[in-house]
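Good morning, colleagues. Please turn to the screen while I present today's model.

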Amino acid sequence: MPRETPCPICQRQGPWLAEPFAPFCSERCKMVDLGNWLGEEYRIASPITAEDLLELAEMEESDPDKESGSDC
Ligand SMILES: [Zn+2]
């Protein structure tokens, strides 16, 4: 019998570890958790500095090589 654990988001008990959205009970809770992580990252990085923009520009310069293989 699969072990029952509480869903980290909604605390509902069930055999979530055997489910596709483990350790969450459902896709919804998984997305909620993902949203929490993204939200925190955005909050930490929210004041964009000139250095950030420079880094982004450098990343974009190296991108076209990688993306050119995927035109339909
Ligand atoms: Zn849940």
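What percentage of the 72 residues in the protein do buried residues make up? The figure is 6%. I should say at once that this is a predicted model, and I shall therefore begin with confidence before turning to individual residues.

The mean pLDDT of the protein is 81, and 75% of the residues reach at least 70. Confidence is not uniform across the elements: strand β2, residues 13-14, has the highest value at 95, whereas helix α2, residues 50-67, has the lowest, with a mean of 75.

Now the overall arrangement. There are 2 helices and 2 strands, and their order along the sequence is β-β-α-α. How much of the contact set with a separation of 6 or more comes from residues 24 or more positions apart? Such pairs account for 5% of those contacts in the protein.

Let me begin the residue-level description with Thr 5, which belongs to strand β1, residues 5-6. Is Thr 5 buried or exposed? Thr 5 counts as partly exposed, because 16 C-beta neighbours lie inside 10 Å, and a buried residue would need 20 or more. Its C-alpha atom is 6.2 Å from that of Pro 15, a residue 10 positions away in sequence. Beyond its neighbours within four places in sequence, Thr 5 makes contact with Trp 16, Leu 17 and Pro 23.

The last of these partners, Pro 23, deserves a remark on its backbone. The peptide bond joining Ala 22 and Pro 23 is cis, with omega about 0 degrees. Pro 23 is located in the loop between β2 and α1, the latter spanning 27-44.

The same loop, between β2 and α1, also holds Phe 24. Phe 24 is classed as buried because 21 other C-beta atoms lie within 10 Å. Which residues does Phe 24 contact, once neighbours within four places in sequence are left aside? They are Cys 7, Pro 8, Ile 9, Trp 16, Cys 29, Lys 30 and Asp 33. As for Arg 12, 12 residues from Phe 24 along the chain, the two C-alpha atoms are separated by 9.2 Å.

From the list of partners I would single out Ile 9, in the loop between β1 and β2. The C-alpha atoms of Ile 9 and Phe 24 are 7.1 Å apart, for a sequence distance of 15 residues. Ile 9 is partly exposed because it has 17 other C-beta atoms within 10 Å. Not counting residues up to four places away in sequence, Ile 9 touches Phe 24, Cys 29, Val 32 and Asp 33. Cys 29 and Asp 33 are thus among the partners of Ile 9 and among those of Phe 24.

I close with Gln 11, which is also placed in the loop between β1 and β2. What is the sign of phi at Gln 11? The value is positive, near 65 degrees, in a residue other than glycine. Gln 11 is exposed, because 9 other C-beta atoms lie within 10 Å and the limit for that class is 12 or fewer.

How values were computed. Residues numbered from 1 in each chain as written. Predicted model: local features only at pLDDT ≥ 70, side-chain atom pairs only at ≥ 80, totals over all residues. Helix = DSSP H or I, 4+ residues; strand = E, 2+ residues; numbered from the N terminus. Contact = placed C-beta atoms within 7 Å. pLDDT = per-residue confidence, 0-100.
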